[in-house]
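These are my notes from going through one model. I looked up single residues, a helix contact, a cavity and the backbone exceptions.

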Amino acid sequence: MTVDLSPVQEYYKDKTIFITGASGFMGKVLLEKLLYSCHSLKEVIIICRPKRGKAPETRLEEMFKLPIFQRIKDERPEMLKRVTIYQGDVTFDQLGLSGESLKHVTENTNIVFHMAATLKLEGNLRDAIDMNLLGTRRALNVAKEMKQLEAFIHLSTAFCNCDQEVMYEKVYEFPHKPEDLMRLAEWMDVKTLDAITPDLLKPHPNTYTYSKRLAELLVRDHYESMPVIIARPSIVSPSAYEPVPGWVDNLNGPTGLMVGAGKGVIRSMLIDTRHLSEVIPVDYAINGLCVIPYQFAKMSERPKDVPVYNITCADHRKMQWGEVIEMSKEIGYRYPMEAGLWYPDGCITTNKLHHNINVLLFHWLPAYLIDFILLLLGQKRFMIRVQNRISVGLEVLQFFTMRAWFFKSDAYSSLWAMLNEADRKNFNMDMDPEETVPMYIESCVQGGRQYLMKESPDSLPRARLQLKL
C-alpha cells in the first residue's frame with residue numbers, strides 16, 4: 001500500500017539520521033517523532049553508554065517501554081526495528097565508535113542531531129567543557145567524515161548570550177576562544193580551574209550557558225566547510241500534544257518547581273512575577289528541529305552566515321510569571337500530589353533577605369527536624385540531601401526568573417509559515433491553538449503527577465482528602 005507523503009516526510013524518505021543524546025528528555029521525544037511522523041526514513045542511529053550496569057541495548061528496550069512510544073507500538077511497530085544503537089559517548093574520541101560501527105555511521109548518515117550535553121547548570125567547568133565543548137568538537141570531527149552529510153543540527157540554548165539585551169538569531173562574538181578553553185581544561189588541574197572559574201564565567205551565571213556559548217563559536221567556525229545549523233530552545237516544558245499530553249521525564253526547570261511546590265517541599269522562591277515566562281513545549285521544539293533540515297535543503301542559495309533558530313514561544317503567547325504561578329496553584333489544588341510534606345502554598349518574592357529567612361525557617365529547619373526524627377526511629381535520612389538538591393536547583397533557576405528576556409525568533413516562525421496543511425498536522429508549531437493556557441498547565445500538572453511522581457489518576461480522591469486535612 002502506497003502512502004501519500006507530505007513534503008517534509010518526502011524529504012526524510014530513505015534518509016539515515018544520527019542522534020547524540022537520544023536518551024535525554026528532548027532526545028527521546030525527537031527519536032519518537034522521527035519514527036512516527038517521518039516513517040519513510042531508512043534508519044535512525046543512536047549512541048548510548050552503559051549505565052548502572054545496563055548495556056545500551058537493554059537501555060533502548062527499557063526506553064521503548066515508556067508511554068511516549070506507545071502510539072508507535074500501536075500504529076507503526078515495524079519502525080522500532082529501524083533504530084540502530086551503538087555503544088558510544090561524546091566524551092571519547094570518535095564518540096567511542098570504531099571499526100564497523102564508525103564506518104556504518106560515516107558512510108550512511110545524512111542528518112546529525114547533536115543533542116548530547118551536560119545540563120548541570122551548577123556543574124564544574126571541566127565537566128562542562130568536556131561534554132558541551134569538546135563533545136561538540138568530537139561530534140563535528142566524526143561528521144566531517146560523513147560522505148553524505150546534508151545537515152548537522154547543534155542543539156544550544158536560548159540563554160547562552162545572557163549579556164545581550166535582545167537576543168537575535170545570530171552567533172555573538174566573545175573574548176574567549178573555544179580552542180583556548182579546551183587547551184586550558186586539558187593541562188590545568190580541577191582545583192586550579194575551579195578557582196579561576198568565577199572570573200572566566202563573567203557575565204555568565206553558570207558553566208552550562210558559558211560552555212554552550214563557546215560551542216556555538218566552534219560550530220560557526222565549521223560553517224564554511226560543513227552544513228552546520230544552530231538551534232536554541234528556551235526553557236523546555238512538558239509536551240502540549242504529542243506523543244502524549246504532559247509528557248516529562250525530569251525535574252529540571254518549571255516542572256521541578258511545580259512538583260516541589262505541589263509536594264510542599266519548596267516554600268519560597270525568588271521570582272519577579274512581572275517578567276514573561278520563557279518556556280516552549282517539548283513537542284513544539286522537536287517539531288521545529290525536524291523541519292529545520294528540510295528548510296535548509298529547500299534554500300535556493302546557502303546563507304552567508306550560519307543559520308540560527310531561537311526556538312521560543314511567540315510573544316503574544318507569553319504570560320507573566322505571576323499569572324502562570326497563580327494558575328498553577330489553582331490547578332494544583334484540583335490535582336494535588338499524594339503525601340505532601342506541607343500545604344502547597346509557598347511564598348514568591350523578589351526580596352533576597354525575605355527569601356533567605358523563609359528558606360531557613362521553612363526549608364532547612366523542617367529538613368533537619370525530619371532527619372533527626374528519622375535518626376531516632378532508626379530510619380534512613382533523606383531530607384537534608386533533598387534540600388541540598390533543591391537549593392542548588394533554585395539558585396540556578398532564579399537567574400532566569402529574576403530577569404527579563406527578549407528573543408527574536410523570526411527564523412523559527414518561518415518554519416511554520418512554510419509548511420503546507422499536511423505538514424502542519426504532522427509537525428504542529430501553531431502559536432494560536434484552540435487549547436488555552438490553563439488547559440496546557442493542567443496537562444503539565446497531571447503529567448508531573450503521572451510521569452514523574454508515578455501517581456495514578458486513581459489516587460486523586462485520596463490526595464484531595466489529604467490536602468483538605
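Entry: Lys-263. I checked whether Lys-263 is buried or exposed. In this predicted model, Lys-263 has a relative accessibility of 17%, and because the cut-off for buried is under 20%, Lys-263 counts as buried. I placed Lys-263 in the loop between H10 and strand S8 (268-270). I then listed its contacts, leaving aside neighbours within four places in sequence. Lys-263 touches a run made up of Met-337, Glu-338, Ala-339, Gly-340, Leu-341 and Trp-342, and also Met-453 and Glu-455. For Gly-340 I took the C-alpha to C-alpha distance to Lys-263, which is 4.3 Å, with the two positions 77 residues apart in sequence.

Entry: Ser-443. I found Ser-443 in helix H17 (residues 437-452). Its relative accessible area is 11%, so Ser-443 is buried. With neighbours within four places in sequence left aside, I noted Ser-239, Pro-245 and Gly-246 as the contacts of Ser-443.

Entry: Ile-373. Helix H13 (residues 352-376) holds Ile-373. I read a relative accessible area of 42% for Ile-373, which is therefore partly exposed. I also took a long-range distance: the C-alpha atoms of Ile-373 and Pro-205 are 37 Å apart, at a separation of 168 residues along the chain.

Entry: H11 against H15. At what angle do helix H11 and helix H15 pack? I noted about 80 degrees between H11 (residues 282-298) and H15 (residues 410-418), with the axes 9 Å apart. Angles of 65 to 115 degrees count as roughly perpendicular, so H11 and H15 are roughly perpendicular to each other. From H11, I listed Tyr-284, Ala-285, Gly-288, Val-291, Ile-292, Tyr-294, Gln-295 and Lys-298 in the contact. From H15, the residues are Tyr-412, Ser-414, Leu-415 and Met-418. I sorted the residues of this contact by class and got eight nonpolar, three polar and one charged.

Entry: cavities. How many cavities of 30 Å³ or more does a search of the whole structure find? I recorded one. The largest cavity has a volume of about 40 Å³. I wrote down its lining as Ile-235, Pro-254, Leu-257, Trp-321, Leu-397 and Thr-401. The elements that give two or more residues to this lining are helix H10 (253-262) and helix H14 (383-401). By class, I count five nonpolar residues, one polar and no charged ones in the lining of the largest cavity.

Entry: backbone exceptions. I kept the usual case in mind: most residues other than glycine have a negative phi, and most peptide bonds are trans. I noted a cis peptide bond from Lys-202 to Pro-203, with omega near 5 degrees. Pro-203 is in the loop between helix H8 (190-201) and helix H9 (207-220). I noted another cis bond joining Glu-242 and Pro-243, with omega about -5 degrees. Pro-243 sits in the loop between strand S7 (235-237) and H10.

For positive phi outside glycine, I logged Asp-14 at about 65 degrees. Asp-14 is in the loop between helix H1 (7-11) and strand S1 (16-20), and at 53% relative accessibility Asp-14 counts as exposed. I also logged Arg-52, which is not a glycine and has phi near 50 degrees. The loop between strand S2 (43-48) and helix H3 (56-64) holds Arg-52, and its relative accessibility of 77% makes Arg-52 exposed.

Notes: Residues numbered from 1 in each chain as written. Predicted model: local features only at pLDDT ≥ 70, side-chain atom pairs only at ≥ 80, totals over all residues. Heavy atoms only, no water. Axes fitted to C-alpha atoms, helices over the stretch in contact; angles between N-to-C directions. Helix = DSSP H or I, 4+ residues; strand = E, 2+ residues; numbered from the N terminus. Parallel < 35°, antiparallel > 145°, perpendicular 65-115°, else oblique. Contact = heavy atoms within 4.5 Å. Nonpolar A, V, L, I, M, F, W, Y, C, P; charged D, E, K, R; others polar. Buried < 20%, exposed > 50% of the residue type's maximum accessible area, 1.4 Å probe, protein only. 1 Å grid on protein atoms, 1.4 Å probe; cavity = no way out; pocket = protein on both sides within 12 Å on 5 of 7 lines; lining within 4 Å. Points joined across faces, edges and corners; volume = space filled by probe spheres on them.
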